[in-house]
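Please open the model in your viewer with side chains available as sticks, and follow the selections below in order.

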Amino acid sequence: MYGLRRTGAFFVRKAARLVTLLIAVSILSFSLVSLSPIDPVQAYIGADLMRVGAEQRENIAAYWGLDAPPPERYLRWASAVVRGDLGTSMIYREPVAKVIQEQFFHSLLLMLAAWLMSGVIGFLAGSLAAMKKDSWFDRFIVWYCYTLAATPAFWLGLVLMVVFSVWLGWFPVGMGVPAGVLAEQVTWLDKLEHLVLPAITLSIVGIAPIALHTRQKLIEVLSSDYVLFARARGETPLSIYRRHGLRNIAFPALTLQFASFSELFGGTVLVEHVFSYPGLGEAMVEAGLRGDVPLLLGIVLFSTVFVFIGNAIADFIYRVIDPRLREAQAS
Amino acid sequence: MNLRLRALLTVIVASVLLIVIAVWGTLIPVEQMETRLELRNLPPSISHPFGTDWLGRDMLQRTLKGLSVSIQVGLAGAACSALIATVLGLAAATLGKAADRLVSWLIDLFLSVPHLVTLILIAFVSGGGMRGVIIAVALTHWPNLARIVRAEAMQVMTADYVAISRRLGRSRRWIAWHHVFPHLWPQVLVGFLLLFPHAILHEAAISFLGLGLSPHEPAVGIILSESMRYLSTGMWWLAVFPGLCLLIIVRMFDRLGEQLRLLTDPRHARL
């Protein structure tokens with residue numbers, strides 16, 4: 001099987017790339033963190049500063065393995081990471097891997113909802129704008145996209161919160177679950193209610209690139225000779241869109257959507273902070289503010305893998321699934 | 001009025017406006033920012049178009065001051081970033097295969113971690129503050145421009161005069177500086193202006209998260225972050241106007257860069 005072998009080779013190549021990438025990112029971020037002026041022992045002690053003596057400090061440093069020189073600490077940390085042990089979070093007092101897993105599940109719901117919504121709406125808006133090129137609708141979409149690209153995502157979240165939570169009272173103000181309710185009693189409905197506004201905020205921002213891209217591609221397709229010929233044959237705009245447009249623009253749009261994981265992750269961090277939605281982004285901000293180095297490094301590595309997977313899928317669609325390129329490579 | 005004239009006018013008006021805001025903000029005297037508790041929590045009115053905050057400070061003054069701080073930080077960050085991009089892009093194109101591979105690898109490395117994550121990491125490492133934010137912004141925004149500069153420089157390298165110059169025994173560095181660099185000026189200038197919107201938005205974002213500028217430096221990110229505590233009591237004007245002004249500023253820089261690109265692009269210059 002030719003296709004199967006190529007798919008296999010593709011994944012082997014990507015896996016090797018991921019390993020080298022992770023090594024580079026881990027060395028770079030670890031050396032950055034060890035240059036930091038923030039003393040991790042100090043950050044750990046926090047408010048108990050006056051009550052902790054010099055001797056106890058040394059004990060704490062030894063406990064976290066902070067007394068060794070940086071290269072040795074890196075090797076110790078890296079070999080632990082390879083075994084699947086990312087260290088212990090100072091804030092949560094739990095293994096970093098577990099914290100990331102739990103928080104990522106919350107974020108995943110949010111990201112998935114926003115990703116799907118922005119993809120579908122953006123694709124439709126872009127298609128419509130291109131079909132009605134130079135109409136008021138087209139102008140509005142283009143204007144909207146450029147303005148949105150200049151909008152701070154967190155400010156948009158604040159505005160939506162003011163309008164829908166404070167004025168209209170449709171949605172609760174922040175927090176991932178209702179206050180004063182036991183964790184076991186939180187229903188799916190509650191979670192959903194707290195998910196809506198953050199997801200809408202994220203997708204409003206995410207629509208812009210996909211809509212602009214789809215519009216551009218479709219305009220190109222529509223000005224081609226084969227569409228002119230189809231029009232001469234008497235095909236209706238809808239059938240031209242379905243038979244010539246959609247097939248040409250669907251894969252590029254899907255590729256773009258997968259390649260946007262980096263922006264999605266960044267947007268999630270901000271939106272989670274606005275709505276105090278307990279997810280990976282909020283955990284990262286906390287880790288940064290309170291100097292939780294193991295958690296911070298863990299999330300840096302995790303987000304690298306996350307973005308890498310998105311890009312790899314985009315690449316896969318582009319190289320292996322797209323029939324035009326597949327045949328071009330086979331011949 | 002033709003397109004070229006219109007583009008030129010847009011550039012002039014936008015730059016004058018931005019400079020006025022940046023300078024005006026720094027000139028606002030501290031007395032006017034004083035707290036006046038009898039004027040607390042006022043909604044927008046004619047004497048206070050943007051309302052007042054929980055300490056009775058005029059929000060219009062605070063917003064102007066904040067925009068000015070944000071513009072300065074954004075300019076500094078974008079300028080450093082453009083410098084890094086130019087040096088690396090130029091080096092990749094002119095100093096041979098090994099340099100090219102190294103730069104491409106660096107670009108891929110920086111693009112493979114989400115921007116905001118890198119920003120948080122660098123801001124954390126540098127301990128926040130004005131300097132930390134500028135470093136973080138400068139170190140995260142160069143890859144795209146570096147790619148453009150590299151491609152442009154590669155093209156210049158194929159010109160005949162570069163080949164002749166090399167035969168005449170000029171060193172690679174001499175060629176990079178005397179032949180290639182002068183061609184890159186327009187690209188770098190436009191790239192710098194188009195970097196600015198990202199720089200200022202990321203500066204605001206990182207300050208908003210509490211990892212950037214300190215509360216004593218009243219940037220827009222800080223204003224928005226502080227407003228969060230008061231939004232649920234219905235004080236919407238604390239967040240809406242400063243953010244809207246930031247949006248307008250960012251959009252204006254965007255327009256400025258776009259129009260300048262059209263003006264310097266020879267294919268459009270004929271218009």
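## A tour of selected salt bridges

In this predicted model, begin by selecting Arg290(A), which is partly exposed, with a relative accessible area of 47%. Now add Glu286(A) to the selection: Arg290(A) forms a salt bridge with Glu286(A), and the closest N and O atoms of the pair lie 3.2 Å apart. Both residues belong to helix α12 (residues 280-290) of chain A, and because they are four residues apart there, about one helical turn separates them. Glu286(A) is likewise listed as partly exposed, in its case with a relative accessible area of 25%.

Next, move to chain B and select Arg261(B) together with Glu258(B), which form a salt bridge whose closest N and O atoms are 3.0 Å apart. The two residues sit in helix α10 (residues 237-264) of chain B, where a spacing of three residues puts about one helical turn between them. Arg261(B) counts as partly exposed at 35% relative accessibility, and Glu258(B) counts as partly exposed at 32%.

Then display both chains and select Arg17(A) with Asp108(B), a salt bridge in which the closest N and O atoms are 4.0 Å apart. This pair crosses between chains, running from Arg17(A) in helix α1 (residues 2-35) of chain A to Asp108(B) in helix α3 (residues 97-111) of chain B. Arg17(A) is partly exposed at 32% relative accessibility, and Asp108(B) is partly exposed with a relative accessible area of 32%.

To finish, which count of salt bridges is reached over all chains? The count comes to twelve.

Key: Residues are numbered from 1 along each chain as its sequence is written. Chains are lettered from A and ligands numbered from 1 in the order in which they are written. This is a predicted model: local features need pLDDT of at least 70, side-chain atom pairs count only at pLDDT 80 or more; totals for chains, interfaces and linings use all residues. Side-chain values use heavy atoms; hydrogens and water are left out. A salt bridge is a side-chain nitrogen of Lys or Arg within 4 Å of a carboxyl oxygen of Asp or Glu. Buried means under 20% relative accessible area, exposed over 50%, partly exposed in between (1.4 Å probe, protein chains only).
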